[in-house]
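This report looks at how the strands of one chain pair with each other and at how its nonpolar residues come together. Please have the sequence and the structure at hand while reading.

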Amino acid sequence: MATASLEAQFVTFSLGDETFAVPVEVVREILDYAEAFKIPNGPDYLLGLRDVRGQGVPTIDLRLKLGMSKTVPTPHTRVLVLDVPMESRVLTLGLVADRVFEVTPFRRDQIEAAPDIGVRWRSDYIAGVVRREGGFVVIVDLARLLSREDASVLQSAA
């Protein structure tokens, strides 16, 4: 049996055909999708605010942030409410996912570094990659994905 120090728990979710994961400790809750209250002049990936237990939580379309097509909500679409540790504070945000799969453990020795493909591409938000049957799971480092400017915009939206 693996000890806690040898493995970590992750929430896995999909964006299109790709599978991603975030550490379970940053996930506050998972909600059914609902339209967010629009905020004028925000970045395109900022869908707006969502009321989560009396708190206005900025909600983002991660597909747009990663350069994919806009999310088209389905009955499987969910919002992961996350508490993301940033440099000087914790940023609470909603992240729209096409589907949430499960909480799963990954052994630390299963997690590989982001691949080097020999050209410049934005991979700094990839905390690691795990091989699974038929593909890969990309572990997202949300603090690196959200620039200081992004974090400021999202914080002020709340």
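## A pair of strands

R78 has its bridge partner in strand 7, where that partner is A97. In this predicted model, the pairing of strand 6, residues 78-85, with strand 7, residues 90-97, runs in the antiparallel sense and extends over eight bridges.

## The open sheet

Strands 6 and 7 belong to an open sheet of five strands, whose order is 3-6-7-5-4 and whose pairing is mixed. At the edges of this sheet lie strand 3 (27-32) and strand 4 (46-52), each of which pairs on one side only. From one strand to the next, the twist averages 30°.

## The nonpolar cores

The largest nonpolar core has 27 residues, and those with the most contacts inside it are F13, V22, L80, L82, L93, L95 and L142. Two or more residues are given to this core by each of several elements, namely strand 1 (7-15), strand 2 (18-23), strand 6, strand 7, strand 10 (126-132), strand 11 (135-140) and helix 2 (142-145). Strand 7 provides the largest share, which is four residues.

A second core, separate from this one, consists of seven residues, among them F10, F106, V137 and I139.

## Around L142

Which residues is L142 in contact with, leaving aside its neighbours within four places in sequence? With those neighbours set aside, L142 is in contact with V22, L82, V84 and L95. Of these partners, V22, L82 and L95 are, like L142 itself, among the residues with the most contacts inside the largest core.

Definitions and conventions
Residues are numbered from 1 along each chain as its sequence is written. This is a predicted model: local features need pLDDT of at least 70, side-chain atom pairs count only at pLDDT 80 or more; totals for chains, interfaces and linings use all residues. Side-chain values use heavy atoms; hydrogens and water are left out. Two strands pair if DSSP finds at least two bridges between them. Axes are lines fitted to C-alpha atoms, for helices over the stretch in contact, and angles run from 0 to 180 degrees between N-to-C directions. A nonpolar core is a set of buried Ala, Val, Leu, Ile, Met, Phe, Trp, Tyr and Cys residues joined through side-chain atoms within 4.5 Å. Buried means under 20% relative accessible area, exposed over 50%, partly exposed in between (1.4 Å probe, protein chains only). Contact means heavy atoms within 4.5 Å.
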